[in-house]
Amino acid sequence: MDKTEESIRPRYMETVEESLNDTAHILSAVVEEKLEQNPRTYLKFQETLHSLFSPVFENTNKRSFKAKIYSLLKTNTDIQVYITNEKGIVIFDSENYREGLDYSKFNDVYLTLQGKYGARSSKLLDTEGEGALFVASPIQYKNQIIGVLTVIKPKTGVIPFIDEAKRKFWRISLLVASAIAILFSVLAYLIFRPILRLSQYVSSLRKKEKVVFPKIGIRELNELGKEVDLLVEEIEGKKYIESYVQTLTHEIKSPLSSILAAVELLQTHPNESKRLTKNIQEEAKRIQNIIEQLLELSSLEGKKSISLDDKVLIYVLVEEVLSNFQSELQWKSIFVVIRCADTTWEVKGNRNYLYLAIKNLIRNSIDFASENNTINIEIHKEPDNSIKLSVMDEGHKIPDYALTRVTEKFYSLPRPTNNRKSSGLGLSIVNQIVDLHGGKLEIKNREPRGVTVSIQFPKI
């Protein structure tokens, strides 16, 4: 842009010079025509020039006008003319101060007398000013150069146009630069946004977050992302299997040892068969429960998304879950109270998984409840119209150190009835289901005793 701006001045000066050249040739042609009409005027060449041009310039200098040339106002003429004889001595000057001076060494006169194009750029009376352009044309008589006519244009008359052109240039340049910057930003956004989305997706995978592969418009990036996704799935699948095998082995080892010990005791203490058989049955159920919950959890952890198209009446679903615990609730003398202002409230999700989540919540509350305890289940609407389900028991509080860990796989606290630990998978399953539904799981202690576990479902 600087280079282009620097070229504006020379281009304007070239245009002015071209016009001055035409003007000089027109005026010299006027003089030649005068000489052709009256050959005697050649003998009085200087007088003829004064009689021809002096009245014209006097009249021109007196003229006042207002010419709006684009955005600039011009009120007077500033063209000057001087004429030299064949020796380069000035014999006419429109400004009346050059007559008698020797201009034979100046390029405009010197070159023109040699039959060449004569022009120069020089200072005027004001040596500090911009100066002027001098363009000459020969005056010929009988095929001989008898003089030189030079037209002068002070640069002060051109500079305002150059400055205005520069200002326009910068305005347009900045506008174009801004447009280019905006266009580049838009293109950069369109190009780099898919890369950013892919980067965020890979980062989410590294953090083990459940994310769906984003839609990427660039085919190559889309293919790369899918390959990364498959690679991560393969690596995670391998680690997942290794982890589950190790965990399952560890968790089953204890009940299996208990079963083996009970079998050995049965052989030596047949009179203890009732107690030992009950122990074998409980430990076998414990193994069965671990395997079932592991299968449920593995099916959830392998999913990044599930179908959430069911509209589920949450009150009806809670009652359905409770119906499966009736015998156990009666046997332990546990009461259940459901509070729901509107039994027609719906949540959007997967009914089977929601059933599983509520089942695990109530299962936990029953395990930690004592005889004659009450389990309160509340369903209410939040200020943002989302539905919140809360299950509140009267059992022991969760120790502070365990509050943030109870949703971890295989993290379990002893049951108050038999001091045994469960599989530690129930709340982990609930947490996975809530995540897949885009909900929020909250676990907190109650006062003076008990625990509240809440699921807040997204509003429909």
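Look at V391 and you will find V453 of strand 14 standing opposite. In this predicted model, that pairing belongs to a set of 5 bridges that join strand 12 (residues 387-392) to strand 14, with the two running antiparallel. Another partnership in this set of strands is that of L389, whose bridge partner in strand 14 is I455.

Stay with strand 14 for a moment. Strand 14 covers residues 451-456, and 6 of its 6 residues are buried, so it is largely enclosed by the rest of the structure. Both of its faces are covered: V451, V453 and I455 are buried on one side, and T452, S454 and Q456 are buried on the other. Strand 14 also pairs in the antiparallel sense with strand 13 (residues 440-445), this time over 6 bridges. Here K444 has T452 of strand 14 as its bridge partner. Strand 13 and strand 14 make a hairpin with 5 residues between the strands, and G450 in that hairpin takes a positive phi near 105°.

Now step across to strand 12. Again 6 of the 6 residues are buried, so strand 12 is largely enclosed by the rest of the structure. I387, L389 and V391 point one way, K388, S390 and M392 point the other way, and all are buried. Notice that a lysine, K388, is listed among these buried residues. Strand 12 pairs with strand 11 (residues 374-381) in the antiparallel sense over 6 bridges, and I387 in strand 12 is the bridge partner of K381. These two strands form a hairpin with 5 residues between them, where N385 in the turn has a positive phi of about 75°.

Let us move to another sheet, earlier in the numbering. What is the order of the 5 strands in this open sheet? The order is 4-3-7-6-5, and the pairing is antiparallel. Strand 4 and strand 5 (119-122) stand at the edges with a single partner strand each, so one side of each is left without a neighbour in the sheet. On average, and with direction ignored, neighbouring strands of this sheet are turned by 25° against each other. At one end of the order, strand 5 pairs with strand 6 (residues 132-141) in the antiparallel sense over 4 bridges, and S122 has A132 in strand 6 as its bridge partner.

Two helices meet these strands. Helix 1 (residues 2-37) lies across strand 3 (80-85), strand 5, strand 6 and strand 7 (144-154), and runs at about 25° to strand 6. Helix 2 packs on the sheet as well, touching strand 3, strand 4, strand 6 and strand 7, and its direction makes about 15° with that of strand 4.

The aromatic residues are worth a visit too. A search of the whole structure finds 6 aromatic pairs. One of them is F57 with F92, a tilted pair at 6.4 Å centre to centre with 45° between the planes. This pair links distant parts of the chain, since F57 is in helix 2 (residues 45-62) and F92 is in strand 4 (residues 90-93), 35 residues apart. F57 is buried, with a relative accessible area of 13%, and F92 is buried too, with a relative accessible area of 1%.

A second pair, Y103 and F106, is edge-to-face, at 4.7 Å centre to centre and 85° between the planes. Are these two rings buried or partly exposed? Y103 counts as buried at 11% relative accessibility, whereas F106 counts as partly exposed at 35%. Y103 and F106 also belong to one aromatic cluster together with Y82 and F134. R120 joins the scene here: its charged end sits over the ring of F106, 4.3 Å from the centre, and R120 also lies over the face of F134, at 3.8 Å from the ring centre.

Finally, zoom out to the whole protein chain. The chain holds 10 helices and 14 strands, and buried residues make up 38% of its 460 residues. Among contacts between residues at least 6 apart in sequence, 64% join residues at least 24 apart. The accessible surface comes to about 27500 Å², of which 54% belongs to carbon and sulfur atoms.

Methods
Residues are numbered from 1 along each chain as its sequence is written. This is a predicted model: local features need pLDDT of at least 70, side-chain atom pairs count only at pLDDT 80 or more; totals for chains, interfaces and linings use all residues. Side-chain values use heavy atoms; hydrogens and water are left out. Rings of Phe, Tyr and Trp (its six-membered ring) pair if their centres lie within 6.5 Å; planes under 30 degrees apart count as stacked, over 60 as edge-to-face and the rest as tilted. Buried means under 20% relative accessible area, exposed over 50%, partly exposed in between (1.4 Å probe, protein chains only). A charge sits over a ring if NZ of Lys or CZ of Arg is within 6 Å of the ring centre and within 35 degrees of the ring normal. Two strands pair if DSSP finds at least two bridges between them. Axes are lines fitted to C-alpha atoms, for helices over the stretch in contact, and angles run from 0 to 180 degrees between N-to-C directions. Contact means heavy atoms within 4.5 Å. Accessible areas come from the Shrake-Rupley method with a 1.4 Å probe; for residues, only the protein chains shown count as cover.
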